[in-house]
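Take a look at the structure shown here. This walk goes from a bond between side chains to a sheet, then to helices and a core.

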Amino acid sequence: MTSGIPRRARVLAAAVGTGVLVPLVAAATPAAAATPAVTCTSAKAGLAAKLKKDITAALATRKGTVAVGLYDRSTNTTCTLRAGTAYDSASVVKVTVLATLLWDAKKTNRYLTDRESTLAKAMITKSDNAATSTLWKQLGMTKIKGFLTAAGMTRTKPGANGYWGLTQITVTDEQKLLKLITAKNAVLSDNSRAYILKLMGQVVSSQRWGTPYGVPSGVTVAVKNGWLQRATNGWRVHSVGAFKGGGHDYMITVLSHGNSTMNYGIATIQAVAKVIHKDLAAS
């Protein structure tokens, strides 16, 4: 994803980044103290420790700043890493745009128009930027913020001036959104949830990387990815996915920046996804 972000902001970000002076005293702080650890809890004996160990190992040799979220309803398992760290959303915000559109339509008891349906499908299945910009503009900031409030996504900050790709997102809020999409709730209707999952299940093959990597056969996959390069923090590469089958009902969010290339970020996400799928399948 290369639109949804102003070129001027890229240049400005680079300029600001070079003007920060770090006090020398900071060097006395051990690097390890600043590195957050993966935390996991589970109702299934031994699963939390296994996931913590394997996710940590998967990230041990990877560069960049990575945030991870896992929630499995079946075993009441949760894992987090940097859950509150903010990232430029890139294209994963498109799921939020679609959810907002459906939430707003439900309030006035109407179906999506043919035009809206066409735009929504292109936005999710092909990550079409022009379709996203059209829907973002149509909804407007009041409705977008209204949905975020209703969804409890309090840490998500919509990108200003139409730059949806610079929306600030966190693992915590992305996991909240995935939970809303995958279980009955008062925010999204059952039809809306089914529609979002349907489109996320129809993402073109070239964009089905990331969290689905290593998923066991027979498990359904719904995914949306995002990728964006900026002057600071290199490539942002993100993947959100919902998975159901094999006795599990789970969702994974992996957000990252500081990647040297897009493919490097994808490899990092897939290293994490692979061990999560494997550990859950074995539990």
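In this predicted model, the disulfide count comes to 1. The bond joins C40 to C79, with 2.1 Å from S to S. Those sulfur atoms count as a disulfide because the cut-off is within 2.5 Å. The link of C40 and C79 is right-handed, with 115 degrees about the S-S bond. It ties together distant parts of the chain: C40 sits in strand β1, C79 in strand β3, and 39 residues separate them.

Are C40 and C79 buried or exposed? C40 has a relative accessibility of 15%. C79 has a relative accessible area of 1%. Buried means under 20%, so a residue below that value qualifies. C40 therefore counts as buried, and C79 is buried too.

Now turn to the strands that hold the two cysteines. β1 pairs with β3, residues 77-81, in the antiparallel sense. The pairing runs over 3 bridges. Within it, C40 stands opposite C79 of β3. The two residues joined by the disulfide are thus also set across from each other in paired strands.

Step back to the sheet itself. How many strands does this open sheet have, and in what order? There are 6 strands, in the order β1-β3-β2-β8-β7-β6. Their pairing is antiparallel. At the edges lie β1 (39-41) and β6 (220-229), each of which pairs on one side only. Neighbouring strands of this sheet are turned by 5 degrees against each other on average, direction ignored.

Next come the helices on the sheet. Helix α2, residues 47-59, lies across β1, β2 (65-72) and β3. Relative to β3, helix α2 runs at about 30 degrees. Helix α7, residues 190-200, packs on the sheet as well, where α7 touches β6 and β7 (235-245). The direction of α7 makes about 70 degrees with that of β6.

Last, look at the nonpolar interior. The largest nonpolar core has 78 residues. Which residues have the most contacts inside this core? They are I55, L98, F147, L188 and I196. Helix α3, residues 93-107, supplies the largest share of the core, with 9 residues.

Follow I196 to see some of these contacts. Leaving out residues up to four places away in sequence, I196 touches V95, L98, A99, L102, I181 and L188. Two of these partners, L98 and L188, are themselves listed among the residues with the most contacts inside the core.

How values were computed:
Residues numbered from 1 in each chain as written. Predicted model: local features only at pLDDT ≥ 70, side-chain atom pairs only at ≥ 80, totals over all residues. Heavy atoms only, no water. Pairing = 2+ DSSP bridges. Helix = DSSP H or I, 4+ residues; strand = E, 2+ residues; numbered from the N terminus. Axes fitted to C-alpha atoms, helices over the stretch in contact; angles between N-to-C directions. Contact = heavy atoms within 4.5 Å. Buried < 20%, exposed > 50% of the residue type's maximum accessible area, 1.4 Å probe, protein only. Core = buried A, V, L, I, M, F, W, Y, C linked by side-chain atoms within 4.5 Å.
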